[in-house]
Amino acid sequence: MAFPHRDSVQRAVDLLGVLLSDADPEAVARVLRSHGEPDVRLSPSDVAELRTAAVSLREVFAAPDVASAASVLNALFAEYAGPPRLTDHEEGYGWHLHADAADDGPWGAWLVTSSALGLASLLAERQDVPGGLCASLSCGKPFAHTGGGSPRRFCSARCATRERVAAHRARG
């Protein structure tokens, strides 16, 4: 079965990757555009708001177990979400679920609510943590558990290889 919120989860991962570093408005806008957000113009205060939201969302990925991840998600819903509503953004994007207050609401609330919906759906579907933080000491980026197979420890094959090579060199 295809995971319906995969796009919002991947968008969250990609945005956190850039927002948790020293990203400028254009770098964040590029990620948003790559995920289908049209005509994105962000001010430094928009990026600061998104960065605050990213720090809150990072806690979902840092959760050590499913109950902790659910607790963090519930706290984010309590703080940011309103009643669920369907929207097509009056522009024919297709009907989809939102839990933020308005289609033109604050960037931070949008990021938290749209990401939390996807992450909560993933947690409920898999009955497991929806993601993690890269185990590479030089990385720490969030990643999502969207597929089957064994649990991941690294955000990418590159980080896994780098750690494996470092461990091999340390032994020999």
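This is a walk through a predicted model, from its largest pocket to its salt bridges and then to a few points along the chain.

Let us begin with the pocket. The largest pocket encloses about 1000 Å³ of space. Its lining is made of 27 residues, and those closest to the centre are Glu-37, His-89, His-96, His-98 and Trp-110. If you want to place the pocket on the fold, look for helix H1 (6–19), strand E2 (96–98) and helix H5 (107–126), each of which supplies at least two residues of the lining. The most generous of these elements is H5, which gives four residues. In chemical character the lining is evenly split: nine residues are nonpolar, nine are polar and nine are charged.

From the pocket we can move to the surface. Here Leu-86, Trp-95 and Leu-97 come together as a nonpolar patch, and their accessible area adds up to about 380 Å². Leu-86 belongs to strand E1, which covers residues 85–87. With a relative accessible area of 59%, Leu-86 is exposed, because the cut-off for that class is over 50%.

Next come the charged pairs. Searching the whole structure turns up four salt bridges. A good one to start with is the pair of Arg-30 and Glu-26, whose closest N and O atoms are 4.0 Å apart. Why do these two residues sit about one helical turn from each other? Arg-30 and Glu-26 are four residues apart in helix H2 (residues 25–34), so about one helical turn separates them. Both ends of this bridge fall in the middle class of accessibility: Arg-30 is partly exposed at 48%, and Glu-26 is partly exposed at 37%.

Strand E1, which we met through Leu-86, also takes part in a salt bridge. Asp-100 pairs with Arg-85, and their closest N and O atoms are 3.0 Å apart. This pair links distant parts of the chain, since Asp-100 is in the loop between E2 and H5 while Arg-85 is in strand E1, 15 residues away. Is Asp-100 buried or exposed? Its relative accessible area is 5%, so Asp-100 is buried; the limit for that class is under 20%. Its partner Arg-85 has 22% relative accessibility and therefore counts as partly exposed. Returning to the charged residues around Arg-30, salt bridges with shared partners connect Glu-26, Arg-30 and Arg-33 in one network.

Another salt bridge joins the side chains of Arg-41 and Asp-39, with a distance of 2.8 Å from N to O. In this case both Arg-41 and Asp-39 are exposed. Asp-39 has a relative accessibility of 58%, and its place is in the loop between H2 and helix H3 (44–62).

Asp-39 also deserves a look for its backbone. As background, most residues other than glycine have a negative phi. The phi of Asp-39, however, is positive, near 50 degrees. Which other backbone angle can you check in the same spirit? Gln-127 has a positive phi too, near 55 degrees, and is likewise a residue other than glycine. You will find Gln-127 in the loop between H5 and strand E3 (131–133). At 60% relative accessibility, Gln-127 counts as exposed.

Finally, here are two spans that may help you get a sense of distances in the model. Val-72 lies in helix H4, made of residues 66–80. With a relative accessible area of 22%, Val-72 is partly exposed. How many ångströms separate the C-alpha atoms of Val-72 and Gly-94? The separation is 29 Å, for two residues that are 22 residues apart along the chain.

The second span starts at Thr-146, in the loop between strand E4 (142–144) and helix H6 (157–171). Thr-146 is partly exposed, with 25% relative accessibility. From the C-alpha atom of Thr-146 to that of Ala-157 the distance is 16 Å, and the two residues are 11 residues apart along the chain.

Key. Residues numbered from 1 in each chain as written. Predicted model: local features only at pLDDT ≥ 70, side-chain atom pairs only at ≥ 80, totals over all residues. Heavy atoms only, no water. 1 Å grid on protein atoms, 1.4 Å probe; cavity = no way out; pocket = protein on both sides within 12 Å on 5 of 7 lines; lining within 4 Å. Points joined across faces, edges and corners; volume = space filled by probe spheres on them. Nonpolar A, V, L, I, M, F, W, Y, C, P; charged D, E, K, R; others polar. Patch = residues over 30% accessible without salt bridge, like charges linked within 9 Å, V, L, I, M, F, W, Y side chains within 5 Å. Areas by Shrake-Rupley, 256 points an atom, 1.4 Å probe, with all protein chains shown as cover. Buried < 20%, exposed > 50% of the residue type's maximum accessible area, 1.4 Å probe, protein only.
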